[in-house]
Amino acid sequence: MTTNQPFTEPIEMAPHLSGCPYDSYARLREAGGAHQAVKPSGGQVWVISRYDDVKALLSDPRMSIEARNSRHGYQGFGLPPALDEHLMNVDDQAHARLRRLVSSAFTPRRVEAQRERVEAAVDRLVAAIVPNGRADLVAELAVPTPVVVICGLLGIPESDGAAFQAYTRSLMTPNDPNRPSTRDLVAGMHACLVALINRKRTEPADDLLTAMITARDGDDRLTENELTSLAFLILWAGFETTVHLISNAMATVLSEPGLANLVREEPDPHTPRMAALVEELLRRDGPMLTAIRRFPLEDLRVGERVVPAGDTVLLAIGSANRDPQYITNPDAIDLDRASSGHLGFGHGPHYCLGAPLARMEVRTALWTAVRRLPNLRLAIPEQELPWKPDHRQHALTELPVTFAAQPA
């Protein structure tokens with residue numbers, strides 16, 4: 001099976017579809033909706049590039065998220081069952097059951113109750129860099145913000161937060177020669193989670209982890225593996241994705257004339273204009289280039305192509321959100337769009353449960369930094385910003401900035 005012109009051979013994933021791949025995405029959309037690609041680690045995948053196709057397949061029950069439906073023996077991280085029985089690994093009734101149990105604990109009230117914690121955490125972090133006149137906003141703002149927030153949400157003591165942060169970041173940097181082995185990292189994180197859950201059973205509190213422990217649907221409740229796996233997923237997804245979301249939002253606001261002034265004019269982080277800005281930042285510069293891999297349960301036609309059952313499929317959210325067939329002038333940040341309908345948090349049954357919390361975090365971090373750091377600007381040219389060479393994530397490794405230093 002060959003790819004559509006102009007791609008007569010499978011497309012390499014790196015560098016063309018990693019880092020900032022939007023020019024390559026535009027070429028893919030023009031040439032057809034589905035293309036074969038070769039991952040940097042080897043192995044072919046299908047890349048789905050057009051908005052209508054991506055949105056439809058995100059909610060298509062014929063697209064399985066379960067690795068057992070891969071005809072090529074997909075392994076992924078190969079986590080043990082104690083950390084792998086979560087929402088992003090199961091379909092249909094099994095997924096609906098887990099989501100129903102978790103949703104009963106992940107209430108709007110519980111998320112809204114985090115607002116003061118989010119604002120206080122960001123205030124402390126920004127206050128710490130105010131006297132310096134320069135900072136790396138990835139390391140000094142984007143990384144620590146979600147650690148504090150997730151620890152507060154789950155009821156993890158902040159003393160344990162640094163350990164969970166270290167485990168998560170190490171797992172996401174598999175090429176770091178100085179990191180512990182994946183086996184040791186997974187074992188360490190599992191041990192921490194088990195100890196924390198046992199503590200919550202004897203010392204319950206008004207937090208998400210306690211609510212997950214006690215969550216019931218009739219006689220149904222989470223198993224031990226499901227409980228540790230869901231806690232692991234919340235830590236992993238809530239931390240890593242939010243780091244990149246905050247970093248990308250800051251980079252865009254500091255790169256485009258007028259956006260920083262718009263933020264400065266808002267009286268608080270939660271105004272309609274701030275909400276509209278964050279939606280556009282999610283759409284155009286969101287951290288997820290592709291959704292988690294799927295496997296068709298039967299041969300599926302996508303445009304002029306037929307994707308065979310069991311092949312690995314990557315739904316290119318980063319391409320779909322910039323598709324001119326979906327939205328006019330897609331490369332612009334436009335706060336007056338009537339309705340974006342973007343896919344930054346996914347679509348369908350696997351839509352991100354933590355979306356409201358992530359939105360709150362990025363609004364708060366963006367508004368606080370821009371308002372409290374006078375003359376905030378990039379310390380290097382925009383085109384020199386260091387993006388990860390990753391086909392899955394649009395993510396900065398650092399964001400150096402300068403500003404007018406002030407007394408502490």
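**Exercise 1. How many of the 18 residues of helix α16 are buried?**

Solution. Keep in mind that you're working on a predicted model.
- Step 1: find helix α16, which covers residues 355–372.
- Step 2: check its length. At 1.5 Å a residue, its 18 residues should span 26 Å, and the end C-alpha atoms are 26 Å apart, so the two agree.
- Step 3: count the covered residues. The result is 15 of the 18, so α16 is mostly covered, since buried means under 20% relative accessible area.

**Exercise 2. Work out on which side of helix α10 its buried residues sit**.

Solution. Start with the length again.
- Step 1: helix α10 takes in residues 182–202, 21 residues in total. They should span 30 Å at 1.5 Å a residue, and the end C-alpha atoms are 31 Å apart, which agrees.
- Step 2: pick out the buried residues of α10: L185, V186, G188, M189, L193, L196, I197 and K200.
- Step 3: look at how they spread around the axis. They cover an arc of only 165°, so they lie on the same side of α10.
- Step 4: turn to the other side of α10, where R183 and T202 are exposed.

A handy reminder: an α-helix has 3.6 residues a turn, so residues three or four places apart point the same way.

**Exercise 3. Describe the open sheet and say how its strands pair**.

Solution. Go strand by strand.
- Step 1: write down the order. The four strands run β1-β2-β3-β11, and the pairing is mixed.
- Step 2: mark the edges. Strands β1 (11–12) and β11 (313–315) each pair on one side only.
- Step 3: take β2 (residues 34–38) with β3 (residues 44–48). These two are antiparallel, with five bridges. For instance, A37 has V45 as its bridge partner in β3, while Q36 has W46.
- Step 4: look at the link. β2 and β3 make a hairpin with five residues between them, and G42 in the turn has a positive phi of about 95°.
- Step 5: now take β3 with β11. This pair is parallel, over three bridges, and I48 stands opposite L315 in β11.
- Step 6: check how covered β3 is. Four of its five residues are buried.

**Exercise 4. Which kind of aromatic pair do Y22 and Y25 form, and what sits over the ring of Y22?**

Solution. Place the residues, then look at the rings.
- Step 1: both Y22 and Y25 belong to helix α1 (residues 22–31), three residues apart, or about one turn of the helix.
- Step 2: their rings are 6.1 Å centre to centre, with 65° between the planes. Planes over 60 degrees apart count as edge-to-face, so that's the kind of pair this is.
- Step 3: check the surroundings. Y22 and Y25 are both buried, and the charged end of R322 sits over the ring of Y22, 3.6 Å from its centre.

**Exercise 5. Classify the ring pair F345 and Y351, and say whether each residue is buried or partly exposed**.

Solution. Same recipe, new rings.
- Step 1: the ring centres of F345 and Y351 are 6.4 Å apart and the planes are at 70°, so the pair is edge-to-face.
- Step 2: F345 has a relative accessible area of 9%, so F345 is buried.
- Step 3: Y351 has a relative accessible area of 30%, so Y351 is partly exposed.

Methods: Residues are numbered from 1 along each chain as its sequence is written. This is a predicted model: local features need pLDDT of at least 70, side-chain atom pairs count only at pLDDT 80 or more; totals for chains, interfaces and linings use all residues. Side-chain values use heavy atoms; hydrogens and water are left out. Two strands pair if DSSP finds at least two bridges between them. The expected span of a helix is 1.5 Å times one less than its number of residues. Buried means under 20% relative accessible area, exposed over 50%, partly exposed in between (1.4 Å probe, protein chains only). The arc is that of the directions from the helix axis to the C-beta atoms. Rings of Phe, Tyr and Trp (its six-membered ring) pair if their centres lie within 6.5 Å; planes under 30 degrees apart count as stacked, over 60 as edge-to-face and the rest as tilted. A charge sits over a ring if NZ of Lys or CZ of Arg is within 6 Å of the ring centre and within 35 degrees of the ring normal.
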